[in-house]
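The following exercises concern a sheet, a nonpolar core and charged side-chain pairs. Each task is followed by a worked solution.

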Amino acid sequence: MPHYSGPLLTRPDAETLLAAHAAGAGTWTGSLDLGRTNGEARLEAEAWIWRDQRYPYPSKLKDRTIYHWDGDDFAPVSRFSGSLIKLVPTEWGAPTFEIDGIKMLPTSKASPIDDARRKVDLVEPRGKVVLDTCGGLGYFAACCLEAGAARIHSFEKNEDVLWLRTLNPWSPDPDAAASGGRLQLTHADVSQAIARIADASVDALLHDPPRFGIAGELYSQTFYDHLARVLRRGGRLFHYTGSPNKLTSGRDVPREVAKRLDKAGFKAELALDGVLGTRR
């Protein structure tokens with residue numbers, strides 16, 4: 001799907017634009033792409049102009065919501081097709097997303113891009129073929145591109161997440177010149193697609209699945225055996241687990257994951273908020 005190139009508004013941005021208009025300013029300078037760049041909009045009595053297109057002044061924008069121009073009005077970047085999925089602004093610029101109100105990326109202490117970069121660094125992607133099993137907003141892939149990966153093959157099962165990516169300026173576009181043809185994004189369930197990936201065909205793995213209760217198949221011994229099969233010997237895997245509360249869940253998910261990965265053929269150890277494995 002082509003990526004959106006129009007303005008993105010949050011409530012704070014809209015308020016500063018409206019304040020400039022109310023003060024009689026002829027222009028407003030700010031970011032209309034969630035902090036990626038700054039630009040200038042021309043302010044007229046009934047509309048504002050950005051990139052030679054006229055837009056009405058926004059009203060009634062909600063907190064924790066990002067709005068895009070749908071051709072008629074500023075609409076929330078959200079969809080409901082069985083679950084409510086929405087792009088959510090952060091103080092860091094790069095947004096997170098939520099499914100039925102559950103935040104999918106850690107953002108309380110750092111930008112989700114910086115968080116992804118620390119994890120990607122563990123698998124040392126420069127010059128490597130990387131398998132990104134659960135692409136999400138594409139932040140792992142973006143950091144792999146930045147770090148000089150030779151090629152990234154990313155899977156994403158949820159069609160609505162793929163739609164969010166087309167509206168998120170922080171999500172890498174496989175067709176953009178900046179990606180250099182190195183990113184392949186596939187709409188598929190990796191738990192099934194992995195059976196068609198050749199043995200020892202990837203150099204590094206990034207696995208950021210939904211929580212266990214939603215996608216238990218991505219924590220199974222069968223799936224981990226496939227991860228070991230497609231990764232060359234000496235290759236590294238980072239598996240995000242988060243830190244679920246053992247007192248409430250009754251489970252130590254990171255250690256369970258490490259044991260299964262060890263059985264599959266990895267030397268596994270706890271690292272950051274997940275498990276780092278090296279293919280034996």
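Two strands pair if DSSP finds at least two bridges between them; helices (H or I, at least four residues) and strands (E, at least two) are DSSP runs, numbered from the N terminus. The model is predicted: local features need pLDDT of at least 70 and side-chain atom pairs count only at pLDDT 80 or more, whereas totals for chains, interfaces and linings use all residues. Residues are numbered from 1 along each chain as its sequence is written, and side-chain values use heavy atoms, with hydrogens and water left out.

**Exercise 1.** Determine the strand order of the open sheet formed by 4 strands, and state which helix packs on the sheet.

*Solution.* Step 1: the order is β8-β9-β10-β11, with antiparallel pairing. Step 2: β8 (78-80) and β11 (102-103) are the edge strands, each with a single partner, so one side of each has no neighbour in the sheet. Step 3: β10 (residues 96-99) pairs with β11 over 2 bridges, and Glu98 stands opposite Lys103 in β11. Step 4: α4 packs on the sheet and touches β8, β9 and β10 (contact means heavy atoms within 4.5 Å). The direction of α4 makes about 25° with that of β9, where axes are lines fitted to C-alpha atoms, for helices over the stretch in contact, and angles run from 0 to 180 degrees between N-to-C directions.

**Exercise 2.** Identify which residues of the largest nonpolar core touch the most other members.

*Solution.* Step 1: a nonpolar core is a set of buried Ala, Val, Leu, Ile, Met, Phe, Trp, Tyr and Cys residues joined through side-chain atoms within 4.5 Å; buried means under 20% relative accessible area, exposed over 50%, partly exposed in between (1.4 Å probe, protein chains only). Step 2: among the 33 residues of this core, Val77, Phe97, Tyr139, Ile152, Leu164 and Leu206 touch the most other members. Step 3: α3 provides the largest share of the core, 6 residues.

**Exercise 3.** Explain which parts of the chain are tied together by the salt bridges of Asp63 and Asp273.

*Solution.* Step 1: a salt bridge is a side-chain nitrogen of Lys or Arg within 4 Å of a carboxyl oxygen of Asp or Glu. Step 2: Asp63 meets Arg11 at 3.5 Å, N to O. Because Asp63 lies in the loop between β5 (53-56) and β6 (67-69) and Arg11 in helix α1 (residues 11-22), the pair links parts 52 residues apart in sequence. Step 3: Lys119 and Asp273 have their closest N and O atoms 3.2 Å apart. Lys119 is in helix α2 and Asp273 in the loop between β17 (266-271) and β18 (274-279), so this pair ties together parts 154 residues apart in sequence. Step 4: both Lys119 and Asp273 are buried.
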